[in-house]
Amino acid sequence: MLLYSALFSAMTMADTPQITLLERDGKINEIPLLDNRFRIDHNVKKITLLFFRAPGTPAVVLVKPDGSKYYATHAIADEKLEWYDEISYDLVIVTDPMPGPWQVLGQIRQDSRVMVLGDIELQVDPLPPLIFRGEMLKIQGQVTNDGQPVDIGYFRDVVTLYVEFVSTNNDQYANFGAGTQSVAEFKDDGREFDERPLDGIFTGEFRLNFPAGEWQPEFFIETPILKRRVVKDPIIIAEPPFSFDLMLAGPEEFEHQLTIRLASEVVKPETVIFQGKILYPNGEEQMFTLNGEERLYRQLAIKNYDWGRYSVELSAFGENINGREFMARLPDYNFEIERPIEKVPELPESERPTQRTVTVPEPEPGLSTGAIVAIVLVGNLLILLLGWLAVRIFVQKKPIKLKISLPFIGKKKQLDLEELEDDTEKSGKQSSKNDKSADILNLSMSDD
């Protein structure tokens with residue numbers, strides 16, 4: 001059994017509506033549509049119908065040959081019916097359709113036809129063999145029906161070409177574990193990079209703004225109508241063939257020098273032109289262009305605005321060694337000059353605070369500083385003690401009492417000692433009085 005898909009679309013040629021018939025193997029590859037009617041052959045086992053209608057209008061209604069109707073809501077319970085109700089079209093897939101004349105009801109666009117789709121293929125131009133990170137690439141893709149371009153009006157509304165790069169997870173490259181990078185979506189609508197609308201060719205450009213390494217390109221279209229994927233062989237995306245050397249300006253110089261070196265094994269130096277913009281720390285912007293030269297380096301003068309952050313945005317245009325023109329947006333080159341540390345000015349000698357100088361006696365030979373300090377302290381204490389004793393004895397004429405306080409003797413014992421000393425003193429005084437009285441008595445005795 002043959003498997004067919006039918007596409008219902010609209011097409012206008014000049015001012016007069018016309019129907020273009022596509023042939024496959026000498027047979028008509030369309031189902032004529034007259035007054036919104038079409039006929040399905042008894043050999044068709046599965047058919048896909050695409051109805052373009054005015055945006056925002058209700059879904060169409062299909063009338064089968066027996067008079068019964070198909071609505072969009074029937075797809076929920078009927079296993080033989082799939083219905084995609086979009087804003088501007090209906091996609092209806094019918095398994096084992098009833099043979100005979102069918103009719104479609106709804107606000108369908110004029111000049112329409114139903115076309116049987118055969119072997120649908122996605123063809124994509126091969127990528128160039130020598131590419132590097134930051135480069136802008138242009139590709140073209142085409143959807144074909146049995147090897148012929150699908151040239152159908154409104155086809156751009158439902159088909160989009162997607163471009164992805166999948167990391168091969170080769171640990172020899174920097175993109176190991178980088179996953180999948182979605183880089184572009186193309187439509188056949190004549191906008192942005194697409195060259196002509198409705199020509200069946202998807203044209204676009206995308207930038208390789210992801211890490212260098214080994215990647216596998218994949219191109220696919222995936223819609224309710226078509227699902228096709230093209231997987232290309234892995235390719236190597238190299239680092240940009242340019243290196244940078246910076247020479248900072250000296251204290252009395254007015255410009256920094258940035259040297260851009262070219263890899264002659266990748267690009268032709270005489271064809272390379274650099275263009276970009278310098279962003280200075282004070283917010284100033286400077287555009288520049290470095291024309292092509294045969295030498296392997298270019299020099300860019302950057303004004304010396306003292307400390308701060310400098311940034312150079314750079315794009316390169318030229319030919320590689322294979323003769324292919326390239327256009328690349330290189331990573332920004334940034335450098336920063338640290339802010340200098342400001343020195344505090346010194347005060348004149350007349351305004352400086354005076355400092356008192358303390359003379360320290362020089363130590364005697366053989367004695368350390370600690371021993372000298374101990375001797376001085378002990379000598380001072382002895383002088384103070386002798387002075388106090390002299391004042392106590394000769395000036396105040398008071399006896400000296402020594403009280404010894406020991407930490408291991410209780411308070412009571414200390415009091416007993418003090419009382420003992422007092423008694424001793426009293427007895428001494430009493431004895432002296434007795435001696436004096438005895439002397440007096442002796443003086444009053446007779447000579448007998």
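Guide: Two strands pair if DSSP finds at least two bridges between them. Strands (E, at least two residues) and helices (H or I, at least four) are DSSP runs, numbered from the N terminus. This is a predicted model, in which local features need pLDDT of at least 70 and side-chain atom pairs count only at pLDDT 80 or more, while totals for chains, interfaces and linings use all residues. Residues are numbered from 1 along each chain as its sequence is written, and side-chain values use heavy atoms, with hydrogens and water left out.

Visitor: Over how many bridges do strand β6 and β10 pair?
Guide: Strand β6 covers residues 46–52, and β10 covers residues 89–95. Within this pairing, leucine 49 stands opposite valine 92 in β10. The two strands run in the antiparallel sense, and the number of bridges is seven.

Visitor: Which residue in β10 is the bridge partner of tyrosine 84?
Guide: Strand β9 (residues 81–85) also pairs with β10, in the antiparallel sense over five bridges. A hairpin of three residues joins β9 to β10. The partner of tyrosine 84 in β10 is leucine 91.

Visitor: How many of the seven residues of strand β10 are buried?
Guide: Buried means under 20% relative accessible area, exposed means over 50%, and partly exposed lies in between (1.4 Å probe, protein chains only). Strand β10 is largely enclosed by the rest of the structure, because its buried residues number six.

Visitor: In which order do the four strands of the open sheet lie?
Guide: The pairing in this sheet is antiparallel. Strands β26 (285–290) and β29 (325–337) each pair on one side only, which makes them the edge strands. The order is β26-β25-β28-β29.

Visitor: Which residue in β28 is the bridge partner of isoleucine 278?
Guide: Strand β25 (residues 273–279) and strand β28 (residues 308–319) pair in the antiparallel sense over seven bridges. For isoleucine 278, the partner in β28 is valine 312.

Visitor: What kind of aromatic pair do phenylalanine 132 and phenylalanine 242 form?
Guide: Rings of Phe, Tyr and Trp (its six-membered ring) pair if their centres lie within 6.5 Å; planes under 30 degrees apart count as stacked, over 60 as edge-to-face and the rest as tilted. By this rule there are 14 aromatic pairs. For phenylalanine 132 and phenylalanine 242, the ring centres are 6.5 Å apart and the planes stand at 85 degrees, so the pair is edge-to-face.

Visitor: How many residues apart in sequence are the parts that phenylalanine 132 and phenylalanine 242 tie together?
Guide: Phenylalanine 132 is buried, at a relative accessible area of 3%, and phenylalanine 242 is buried at 9%. The first lies in strand β14 (residues 131–132) and the second in strand β23 (residues 242–247), so the separation in sequence is 110 residues.

Visitor: What kind of pair do tyrosine 333 and phenylalanine 335 form?
Guide: Both residues are buried. They belong to one aromatic cluster with Phe244, Tyr280, Tyr305 and Tyr310. Their ring centres are 6.3 Å apart and their planes are at 50 degrees, so the pair is tilted.

Visitor: Which residue meets arginine 133 in a salt bridge?
Guide: A salt bridge is a side-chain nitrogen of Lys or Arg within 4 Å of a carboxyl oxygen of Asp or Glu, and the whole structure holds eleven. Arginine 133 counts as partly exposed at 25% relative accessibility, as does its partner at 44%. The distance is 2.9 Å, N to O, and the partner is glutamate 239.

Visitor: In which strand does lysine 303 lie?
Guide: The side chains of lysine 303 and glutamate 284 meet in a salt bridge of 3.7 Å, N to O. Lysine 303 is partly exposed at 34%, and glutamate 284 is partly exposed at 27%. Glutamate 284 lies in the loop between β25 and β26, whereas the strand that holds lysine 303 is β27.

Visitor: Is phenylalanine 394 buried or exposed?
Guide: Phenylalanine 394 is found in helix α1 (residues 369–395). Its relative accessible area is 65%, and so phenylalanine 394 counts as exposed.
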